[in-house]
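Trainee: Before we discuss any labels, could we put the model up and go through the reasons behind them?

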Amino acid sequence: MGLDTILAMLLTVIAAATPLLLAAIGELVSEKAGVLNLGVEGMMLVGAVIAFATTVGTGSPALGILAAMIGGMVMALAFGVLTLTLMANQVATGLALTIFGIGLSSLIGADYIGTPVDKLASLSIPGLSDLPVIGPLIFGHDILVYLSVAITVAVAWFLKKTRAGLILRAVGESDLSAHSIGYDVIRVRYFAVLFGGLTAGLAGAYLSLSYTPMWVEGMTAGRGWIALALVAFASWRPWRVLGGAYIFGGVTILQLYLQGGGDIGIPAQVMNMLPYLATIIVLTVISAGPWRGRLDAPACLGKPFRPAS
Amino acid sequence: MEPGHDVVKEHPRLELRGITKAFPGVIANSDVGFEVAPGEIHALLGENGAGKSTLVKQIYGILKPDAGEIVWDGREVDIPNPHTARALGIGMVFQHFSLFEAMTVLENVALGMDDPGKDRTALAKRIRDVSESYGLPLDPAREVHTLSVGERQRIEIVRCLLQSPRLLVMDEPTSVLTPQEVGKLFETLRKLKAEGCSILYISHKLNEIKELCDAATILRGGKVVAACDPKAETARSMAQLMIGAEFRSVARREAGKDTGPVRLTLKGLNMAPEMAHGVPLKNIHLALRGGEILGIAGVAGNGQGDLLAAIAGERKAASADTVTIDGKAVGRSGPAARRKLGLCTVPEERNGHGAVPDMSLTDNAMLSAHKRMGFLKAGFLDKGKSRNFAAEVIKRFDVRTPGTETAAGSLSGGNLQKFIVGREILQKPEILVVAQPTWGVDAAAAATIQQALVDLAATGSAILVISQDLDELLTLSDRIAVINAGALSDAMPAATVSVEEIGLLMGGIHGSPEDAHAKGAA
């Protein structure tokens with residue numbers, strides 16, 4: 001394997017990891033506030049199709065990305081109204097949101113199947129981007145790749161260092177305590193859920209504008225679910241989400257290369273299962289192993305907030 | 001405040017006028033009014049469900065009154081949320097703490113303040129300074145779930161003190177403290193009073209109210225039924241005002257009555273703590289006889305939780321014969337097996353440990369009593385029997401609830417406690433281990449529970465009471481042992497032992513209670 005092969009492999013790992021990272025970091029914020037939104041896959045799909053349609057319609061990928069963020073947030077808002085205001089069950093509502101997202105994105109995307117679009121432009125810094133190896137590896141990506149890392153850094157800083165982040169964690173840890181000290185639990189949770197929608201929309205935009213610049217029905221291919229697993233895998237810590245996203249991205253790419261490397265006696269279908277298999281194994285190990293502490297997960301995760309009289 | 005208006009008389013710090021608050025189906029407060037003067041310690045007395053907590057939640061802005069006025073320093077105010085309350089200078093120490101278990105003391109304090117400042121190091125220093133100057137030492141870096149109940153309460157108090165409150169509302173603050181800790185708390189409160197801070201003090205402990213408070217307002221059924229000077233009243237007369245009936249104290253059986261055979265033994269029990277930062281149990285020996293009540297005193301967090309878990313079977317001993325029930329080695333058996341042999345337990349934590357909050361009282365009765373009371377029919381649940389049993393518990397222990405199908409978690413703390421203790425007592429266990437039997441329960445109900453324990457012992461059952469309430473242990477116990485830093489002292493006859501002796505043992509013989517506490521916590 002030459003240097004070029006390795007370099008190409010690393011570049012594809014970054015590409016595979018970015019949508020996972022974007023979707024997972026938003027879900028992490030939502031879960032830190034105590035809201036389990038299983039609709040990530042649906043929000044991503046809607047983000048993907050809206051980004052694509054807007055880019056094709058306006059010719060501006062920037063508008064496409066913006067529209068994807070709004071689309072993801074509208075989906076998240078629907079989820080919020082149902083689960084936070086109307087106190088519907090979060091798991092059921094999240095599943096419904098995913099199913100709804102699959103249908104809605106197919107509907108919107110019907111006319112766009114087969115339409116080509118230019119791949120999101122890569123950053124080009126004269127000098128730096130031309131450096132061998134380092135250039136393409138670090139300075140040759142599109143804006144969403146950098147944004148995904150920047151958002152992760154910002155979320156880590158926000159949760160750990162800011163007062164608003166402290167309040168958000170408090171709301172996820174004990175909604176009743178937060179309420180009795182005087183914080184508006186529902187409002188904080190709306191913000192967190194909307195942020196989750198925003199990044200899920202971005203993740204979708206990355207898929208349809210950069211990863212594979214086209215629209216295909218169901219193109220997220222379960223990445224929303226992997227993102228959900230990632231949050232638990234990372235035990236709700238932003239830095240571990242970053243690491244986890246790249247590990248999962250790596251597994252996805254590894255199977256492609258293994259398949260491409262000739263017949264190794266394993267059916268392609270089994271190789272395709274790898275990322276999902278890894279998800280299941282990781283979740284099982286985490287929930288059964290010595291890490292199983294209730295203190296990792298936000299204590300109020302998934303519980304509707306009912307202020308006691 | 002209007003200048004020149006009402007110059008003769010100083011305004012009360014807080015005045016309530018005609019406060020009324022109704023919930024669906026119940027009027028929690030009806031036309032409640034009283035005044036708290038600056039620098040006054042004012043007691044708010046009443047049974048469980050008298051409406052005290054509802055009332056103070058309105059003062060702190062968590063609930064909105066349906067009618068009535070809150071007057072602060074002579075000015076009518078609207079308190080829509082706790083931020084407003086804190087801005088006025090009202091601090092509150094909650095009965096069920098408003099804390100975040102996975103977070104540090106520092107973060108918990110910061111969350112309860114409106115302007116904690118940017119600098120965390122400076123806040124940590126302030127926490128240390130204030131907590132030490134008021135005799136309530138706290139380590140800002142510790143996570144709350146590792147702290148004892150007493151330490152958790154300190155967080156709430158320190159959080160208020162940092163904001164220089166002008167009125168401190170305390171909802172049953174001493175129910176979890178040792179006599180020494182109570183003494184320390186009273187010193188703190190008197191110091192605050194001397195600084196001009198008013199205190200609204202909710203408690204069931206009438207002796208404490210006599211000792212501490214300048215005035216008292218008594219609530220019953222949501223209404224003010226009396227106001228009195230606690231120093232001029234007796235504990236008994238206040239209790240009668242509170243319950244509106246003759247107060248019956250616990251009838252003790254004669255001391256020195258013969259006890260039965262040994263039912264439960266612990267032989268050299270060693271156990272690592274379940275929680276990080278806990279204390280290990282060290283070589284605990286214990287022999288509990290039928291017909292006796294053995295009390296175990298100790299400051300919270302000295303191994304009581306693990307001791308109860310080890311006896312109940314929730315945690316297993318290293319070898320089977322470390323724990324015996326009627327001579328049978330059960331150290332490696334689980335709770336169900338031990339329950340079958342006649343050992344019932346009441347853990348300290350009601351919600352989540354003693355009861356499943358989201359399940360009905362009937363189902364909660366089913367969970368703990370199905371084997372002993374025969375609620376299973378060919379493997380199927382006999383809900384009718386369980387419901388009747390739950391109804392009997394409700395009736396016998398005066399549990400205030402709409403019915404047997406109410407979720408356990410919706411009962412007030414005291415009422416749930418009555419239900420859980422009652423549920424175990426009515427199973428007529430041969431051995432009953434109970435932690436904090438009357439925590440948060442009012443005087444009349446506490447007397448009912450204590451009487452039921454005494455009566456159960458009289459039928460030959462062996463009873464182990466783990467409590468931080470020394471008065472209670474002295475009332476109930478035949479013998480008292482003290483647990484400190486995971487080691488259990490020899491049991492002493494309750495008739496001859498003094499409060500001071502027990503207090504010293506609770507603090508460890510070699511130092512003050514604080515030293516031992518810090519050591520136990522380290």
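Trainee: Why does Trp236(A) count as buried or exposed?

Mentor: Trp236(A) has 21 C-beta neighbours inside 10 Å, and a residue is called buried if 20 or more other C-beta atoms, placed from the backbone, lie within 10 Å of its own, exposed if 12 or fewer, and partly exposed in between; therefore Trp236(A) is buried. This is a predicted model, in which local features need pLDDT of at least 70 and side-chain atom pairs count only at pLDDT 80 or more, while totals for chains, interfaces and linings use all residues. Residues are numbered from 1 along each chain as its sequence is written, with chains lettered from A and ligands numbered from 1 in the order in which they are written.

Trainee: What makes Ser235(A) partly exposed?

Mentor: Ser235(A) has 15 other C-beta atoms within 10 Å, which is why Ser235(A) is called partly exposed. The residue sits in the loop between helix H10 (223-233) and helix H11 (238-260) of chain A, where helices are DSSP runs of H or I with at least four residues, numbered from the N terminus.

Trainee: What is the phi of Ser235(A)?

Mentor: Ser235(A) has a positive phi of about 40 degrees although it is not a glycine, and Trp236(A), also not a glycine, has a positive phi of about 60 degrees. Most residues other than glycine have a negative phi.

Trainee: How many residues does each chain bring to the contact?

Mentor: Chain B brings 18 residues and chain A brings 12, two residues being in contact if their C-beta atoms, placed from the backbone, lie within 7 Å. On the side of chain B that touches chain A, H3(B) gives the most, with three residues.

Definitions and conventions
Helices (H or I, at least four residues) and strands (E, at least two) are DSSP runs, numbered from the N terminus.
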